[in-house]
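Colleague: I should be grateful for a close look at a single part of this model. Please take one helix and describe its geometry, its packing and the residues in contact with it.

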Amino acid sequence: TTTDGTKELNRILGGDYSSMRPKPSSLIKTLIQLSSKKDSIVLDFFAGSGTTLHATMKLNAEDGGNRQCILVQQKENDANICETITYERNRRVMQGYTNAKGEEISGLGNSLK
C-alpha cells in the first residue's frame with residue numbers, strides 16, 4: 001500500500017512524505033522482476049519519489065542483474081521534487097544512510113547521472 005511506501009520513504013529521508021503517496025519498493029521490485037530481463041532498461045516517466053530506481057537497484061543486488069533505470073520527472077509548480085526527494089532518496093540508498101532509529105543501513109552501490 002502507499003502507507004508502506006510512505007513509511008519506507010520516511011525512514012530513508014526522515015520527515016513526513018505521506019502527501020506524495022509513494023508506492024512501496026517491494027511492489028515495484030516484484031513488477032520489474034516479472035516484466036524484465038537482467039539486462040533490461042526500466043523507464044519511469046513519473047519518477048516522483050524515485051521508487052522505481054530504488055526497486056531496480058534492490059532487484060539487481062538480489063539477482064545479480066544489470067538493469068538500468070531512467071527516471072523522468074516534470075517540474076511541479078515550485079516544488080523541486082527531483083533534487084530534494086528523488087535524487088536524495090536514491091543517493092542515500094546507493095551510499096548508505098542512518099535511519100530514523102539510528103540504525104546504519106548499508107548502501108547498494110551504483111551511480112546517478
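Modeller: What follows is an account of helix α3 and its surroundings in this predicted model.

Helix α3 comprises residues 51-63. Its 13 residues should span 18 Å at 1.5 Å a residue, and the end C-alpha atoms are indeed 18 Å apart, so expectation and model agree. After the helix comes Gly 64, which has a positive phi near 70°.

The buried residues of α3 are Thr 51, Thr 52, Leu 53, His 54, Ala 55, Thr 56, Met 57, Leu 59 and Asn 60. In an α-helix there are 3.6 residues a turn, so residues three or four places apart point the same way. The elements against which the buried residues of α3 pack are α1, α2, β1, β2 (68-71) and α4 (81-95).

Two residues outside α3 illustrate this packing. From helix α2 (residues 25-35), Ile 32 is in contact with Thr 52, Ala 55, Thr 56 and Leu 59, among others. The C-alpha atoms of Ile 32 and Thr 56 lie 7.2 Å apart, although 24 residues separate the two in sequence. The contacts of Ile 32 beyond four places in sequence also include Val 42 and Arg 67. With a relative accessible area of 6%, under the 20% limit, Ile 32 therefore counts as buried.

From helix α1 (residues 2-13), Glu 8 touches His 54 and Lys 58. Lys 23, Pro 24, Ser 25 and Arg 89 are likewise touched by Glu 8. Although charged residues might be looked for at the surface, Glu 8 has a relative accessible area of 11% and is buried.

Within α3 itself, Asn 60 deserves separate mention. This residue is buried as well, at 12% relative accessible area. Beyond four places in sequence, Asn 60 touches Gly 65, Asn 66 and Arg 67. With Arg 67, the side chain of Asn 60 makes a polar contact of 2.8 Å. Arg 67 thus appears among the contacts of Asn 60 and among those of Ile 32.

The segment leading into α3 offers a contrast. Phe 46, in the loop between β1 (41-44) and α3, has 73% relative accessibility; because this is over 50%, Phe 46 counts as exposed. Phe 46 belongs to a nonpolar surface patch together with Ile 41, Leu 43, Phe 45, Ile 70 and Val 72. The accessible area of these residues together is about 650 Å².

Note on methods: Residues numbered from 1 in each chain as written. Predicted model: local features only at pLDDT ≥ 70, side-chain atom pairs only at ≥ 80, totals over all residues. Heavy atoms only, no water. Helix = DSSP H or I, 4+ residues; strand = E, 2+ residues; numbered from the N terminus. Buried < 20%, exposed > 50% of the residue type's maximum accessible area, 1.4 Å probe, protein only. Polar contact = N/O pair within 3.5 Å; in protein donor to acceptor, adjacent residues only side chain to side chain. Contact = heavy atoms within 4.5 Å. Patch = residues over 30% accessible without salt bridge, like charges linked within 9 Å, V, L, I, M, F, W, Y side chains within 5 Å. Areas by Shrake-Rupley, 256 points an atom, 1.4 Å probe, with all protein chains shown as cover. Salt bridge = Lys/Arg side-chain N within 4 Å of Asp/Glu carboxyl O. Expected span 1.5 Å × (residues − 1).
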